[in-house]
Amino acid sequence: MRPSIKGIFETPVYVDDLALSHAFYHGLLGFERMIEGDRLHAYNVAPAQTLIVFLRGTCDEDLWIRG
């Protein structure tokens with residue numbers, strides 16, 4: 001039996017341009033930015049749900065995990 005999922009707490013994405021991504025996530029979709037930094041922005045998407053936008057290449061490791 002699968003569990004009932006009510007949402008996802010955090011979702012990270014990697015982008016090449018934080019300013020352009022802000023224009024999309026805030027300007028077009030209306031997400032409010034909670035954190036603004038040189039390497040990431042975090043947006044309040046819905047109650048208890050956060051979108052974290054990382055600038056590609058600024059984390060110790062940008063890695064992809066495949067299940």
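## Exercises: rings, bridges and a surface patch

The structure holds 4 aromatic pairs. It is a predicted model.

**Exercise 1.** Classify the ring pair of Tyr14 and Phe54, and locate both residues in the chain.

*Solution.*
- Step 1: A pair of aromatic rings is described by the distance of the centres and the angle of the planes.
- Step 2: For Tyr14 and Phe54, the centres are 5.5 Å apart and the planes stand at 25°.
- Step 3: Planes under 30 degrees apart count as stacked, and the pair of Tyr14 and Phe54 is stacked.
- Step 4: Tyr14 belongs to strand 1 (residues 10-15) and Phe54 to strand 4 (residues 49-55). The two are 40 residues apart, and their pair links distant parts of the chain.
- Step 5: Tyr14 is partly exposed, at 26% relative accessibility. Phe54 is buried, at 14%.

**Exercise 2.** Classify the ring pair of Phe24 and Tyr25, then find the cluster that includes these rings.

*Solution.*
- Step 1: The ring centres of Phe24 and Tyr25 lie 5.0 Å apart, with the planes at 75°.
- Step 2: Planes over 60 degrees apart count as edge-to-face, so Phe24 and Tyr25 form an edge-to-face pair.
- Step 3: Tyr25 has a relative accessible area of 15% and is buried. Phe24 has 39% and is partly exposed.
- Step 4: Ring pairs join Phe24, Tyr25, Phe31 and Tyr43 into a cluster.

**Exercise 3.** Find the residues that make a nonpolar surface patch with Phe24, and decide whether Leu28 is buried or exposed.

*Solution.*
- Step 1: Phe24, Leu28 and Leu29 make a nonpolar patch of about 300 Å².
- Step 2: Leu28 sits in helix 1 (residues 18-28).
- Step 3: Exposed means over 50% relative accessible area. Leu28 has 61%, so Leu28 is exposed.

**Exercise 4.** Describe the surroundings of Ser21.

*Solution.*
- Step 1: Ser21 is part of helix 1.
- Step 2: Its relative accessibility is 7%, so Ser21 is buried.
- Step 3: Neighbours within four places in sequence aside, Ser21 touches Val15 and Val53.

**Exercise 5.** List the salt bridges and say what the bridge of Arg56 and Asp16 ties together.

*Solution.*
- Step 1: There are 2 salt bridges.
- Step 2: Arg56 and Asp16 form a salt bridge at 2.9 Å, N to O.
- Step 3: Arg56 lies in the segment after strand 4, and Asp16 in the loop between strand 1 and helix 1, so the bridge ties together parts 40 residues apart in sequence.
- Step 4: Arg56 is partly exposed at 39%, while Asp16 is exposed at 63%.
- Step 5: Arg33 and Glu36 form a salt bridge, with the closest N and O atoms 3.2 Å apart. Arg33 is partly exposed at 27%, and Glu36 is exposed at 57%.

Conventions. Residues numbered from 1 in each chain as written. Predicted model: local features only at pLDDT ≥ 70, side-chain atom pairs only at ≥ 80, totals over all residues. Heavy atoms only, no water. Patch = residues over 30% accessible without salt bridge, like charges linked within 9 Å, V, L, I, M, F, W, Y side chains within 5 Å. Areas by Shrake-Rupley, 256 points an atom, 1.4 Å probe, with all protein chains shown as cover. Salt bridge = Lys/Arg side-chain N within 4 Å of Asp/Glu carboxyl O. Helix = DSSP H or I, 4+ residues; strand = E, 2+ residues; numbered from the N terminus. Buried < 20%, exposed > 50% of the residue type's maximum accessible area, 1.4 Å probe, protein only. Phe/Tyr/Trp six-rings, centres within 6.5 Å; stacked < 30°, edge-to-face > 60°. Contact = heavy atoms within 4.5 Å.
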